[in-house]
Amino acid sequence: AAQAEMPLLAGLNPEQRAAVTLPPEPALILAGAGSGKTRVLTTRIAWLLQTGQVSPGGVLAVTFTNKAAKEMLTRLTAMLPLNARGMWIGTFHGLCNRLLRAHHKLANLPQTFQILDTQDQLSAIKRLYKQHNVDEERFPPKQMQWFIAGCKEDGERPRDVAVHDGDARRKVEIYQLYEEQCQREGVVDFGELMLRSYELLRDNDAVREHYRRRFRHILIDEFQDTNRLQYAWIKIIAGLPAEGGGGAIMAVGDDDQSIYAFRGARVGNMADFVREFHVQHQIKLEQNYRSHSHILDSANQLISHNKKRLGKELRTDQGTGEQVRVYEAPSDFAEAEWVVDEMRQLVKGEGHERKEIAVLYRSNAQSRVLETQLFNAGVPYRVYGGLRFFERAEVKHALAYLRLLENPRDDTSFLRVVNFPPRGIGARSIEQLQDAARDAGTALVDAVGNVPGKAGGNLAAFVARIDVLREQTEGQTLREIIERTLDDSSLLEHYRAERDGADRVENLEELVNAAESFVTQEGFGRDAVALPVDETAGLTQSPASQGLDPNAPLLDERLPEPPPPVDTDTGETRSPLAAFLTHAALEAGDNQAQAGQDAVQLMTVHASKGLEFDAVFITGLEEGLFPNEKAMSDFEGLEEERRLMYVAITRARKRLYLSHAQTRLLHGQTRYNIKSRFLEELPEGSLKWLTPRHGGFASMMPGAHSGANHARPAWGNSAIYPDMVASAAPLPPRKAEPAHGIRAGIKVFHTKFGEGQVMAVEGAGDDARAQVDFPRHGLKWLALAVAKLTVVE
Ligand code: ATP
Ligand code: MG
């Protein structure tokens, strides 16, 4: 009763309160969407701190995205006056990065190691293919990337991988070569962050014991989507009861929201967790606080079609609310138009904020049509996972220079800019250098001296230029470093001289802004330059004991944390520059450029996990798309698609809109679609059909038998494609006609973008659209019915 009076606990229901105030023992909270799992986790941390059961340094909390980590910190600091910087709250990747930075020597990494994002990783693999004559047809680089990621997720180094045939052997060889290349260059990919820090803890008793003692409380959100390696990491940092560990560890999750099996997530981790940690406390939360009941009923009914479930109930007191609206559009284009119309009503008519509206889709390729429509209608929007700021070519060039300042052996960065802007270093010279480096077994920068002649001279000049820049920027602020680098690298000059370079110059300037706001957000002041980090910092009291004398006294968590700046997501840092580079690699998904603006949110269903919005549109509800064709043939895949749909539905608080289109242009092909089976799995009473319910697939086909209207094709991936349809009924001609006289190759004029060249035309009639290359604004897709282009001959 006394506890109930604590303001922290006041707003919680009895089950939530019980979960928040559990004793320091292993616990699992298994509960449906919107039941307050994340809220419980956050409140528990606050409660533990407030009641003095743990200090900030004793908390380790794992969230699924950087955004979630930030949000948790914000909520915590709102609940309690505290310095959250000492807390380890972040994603698995962020926390692993922090561990590896602190113990880089033990982890056999340079202090300045850089993180490869997925794109960098792919280009590193391609580079390796060239050097070692690997056949790209036989071993597609993308598949290799998945193979390597998969091995790492299973904790397998090349020597651990079982080999059955010649191709498999070759793959493992490539994996081995890839590892050597990364090691030489001082770079780690995302999988490596996890595996390397797992091995660090596994192989170093003192380090492991230190963290086990330090982290009195471990909390994990979205536990259903942990993979094998992440769970192993949790076990090793927490310690199992059998090893005298396994104290206070709380996992929260929802088996119905497990949507990353394709990337190795294992729902089975939940059962293993209960068994291996001897979990005595299991709490279910059954009250949903997020959604109106038409929405929640839809979610419940849908997910009841899954057979493999642990089984949970969800109810809501939010009232029935509006019915779920379902719309059938003749085309993807018309679907997007409808979305924009409904949005207008939500914003103008009902006063919803734009950022409280989300449009979800199953696959990234769907976003383009939506973007075109939003753009033409002048609706500000923000795409998660679209063209990301930190992934734009010019930004990556600038980052490459910055990375070379930190780590000259980063070959990926070296190759990216050694001849960019062009300085007369040809492909031949670079090949020579690569050969020399391979022969000597060194990084490129170390082999420059071995390249003879003029080529060698040019290369040496490039290296000298970087070295000088490094010296000159030593001790400068991040802003100064970046501005200087942009100048001295001649990047700015290069783009300024380019006729179409204005956008790129803007983006480079935006990089300075991004750095600036990073500095203010993360608290890197002018004085906070170059923070030296001792390998043993925070670990032993004797810095001399580099070898980590197990008898050395371990630091207690109450001792002061290492001084700021410590980036709460990205971990231990040496300098603002290093922190910023890590931030750029880890948070490439955040489009900083548009942050702050009230904009509609576009994202894949996967990216929406854990989030909530007043209104949600789920688009493209078509067989083959959602459920996705790749997943439709097997039971497991279909159940995962259904969980994905469950996640999508449960993002909505007040309004839910579902739509599908009869035809859709995707990957350059027109597809004739029938509506998703998921629409049939929703409770009829909660739906409001805006278009006739059975107007589906067959009615739009000229010459189709009327009986075909209700003839539902057998499920499978055959029913959706033009060739199959063509055999049932002749197709109308769908070849792109030259609409409005616009065709590829000609010049056109647009009132806003000026003159541009048409690159491609798709669709016909009202759905016609053109891709136009505008010198000042880049490539744009424009709807011809709206955009009113004039032909310039
Ligand atoms: P998901 O499974 O989607 O991640 P969740 O279980 O983590 O959902 P939360 O995001 O923690 O759920 O909570 C959903 C919403 O309900 C939030 O807006 C939260 O603030 C609110 N909420 C949770 N518990 C309560 C409560 N006891 N009283 C009022 N609102 C609550
Ligand atoms: Mg949550």
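User: How confident is the predictor in the residues of the protein chain, going by pLDDT?

Analyst: Good place to begin, since this is a predicted model. pLDDT expresses the predictor's confidence in each residue, from 0 to 100. Here the protein chain averages 81, and 82% of the residues score at least 70. Over residues 524-573, however, the pLDDT is below 50, although this stretch has 102 contacts in the model beyond near neighbours in sequence. Residues 695-739 also fall below 50, with 58 such contacts. For the model overall, the scores are ipTM 0.99 and pTM 0.71.

User: Thanks! Which residues touch the most other members of the largest nonpolar core?

Analyst: A nonpolar core is a set of buried residues, such as Leu, Ile and Phe, joined through C-beta atoms within 7 Å. In this structure the largest one has 121 residues, and Ile29, Ile45 and Ala398 touch the most other members. Take Ala398: leaving aside its neighbours within four places in sequence, its contacts are Thr485, Leu486, Leu491, Leu508 and Leu511. There is also a second, separate core of 69 residues, with Ala299, Leu346, Val369 and Phe617 among them.

User: And what about the ligand? Which residues are closest to ligand 1?

Analyst: Reading a ligand's shell means asking who surrounds it and what class they belong to. Ligand 1 is surrounded by 19 residues, and the closest are Gly36, Lys37, Thr38, Arg39 and Tyr289. By class, the shell holds 10 polar, 5 charged and 4 nonpolar residues.

User: Which helix gives the largest share of the shell around ligand 1?

Analyst: That is helix 3, spanning residues 37-50, which contributes 3 residues to the shell.

How values were computed
Residues numbered from 1 in each chain as written. Chains lettered and ligands numbered in written order. Predicted model: local features only at pLDDT ≥ 70, side-chain atom pairs only at ≥ 80, totals over all residues. Buried ≥ 20, exposed ≤ 12 C-beta atoms within 10 Å, placed from the backbone. Contact = placed C-beta atoms within 7 Å. Near = placed C-beta within 6 Å. Helix = DSSP H or I, 4+ residues; strand = E, 2+ residues; numbered from the N terminus. Nonpolar A, V, L, I, M, F, W, Y, C, P; charged D, E, K, R; others polar.
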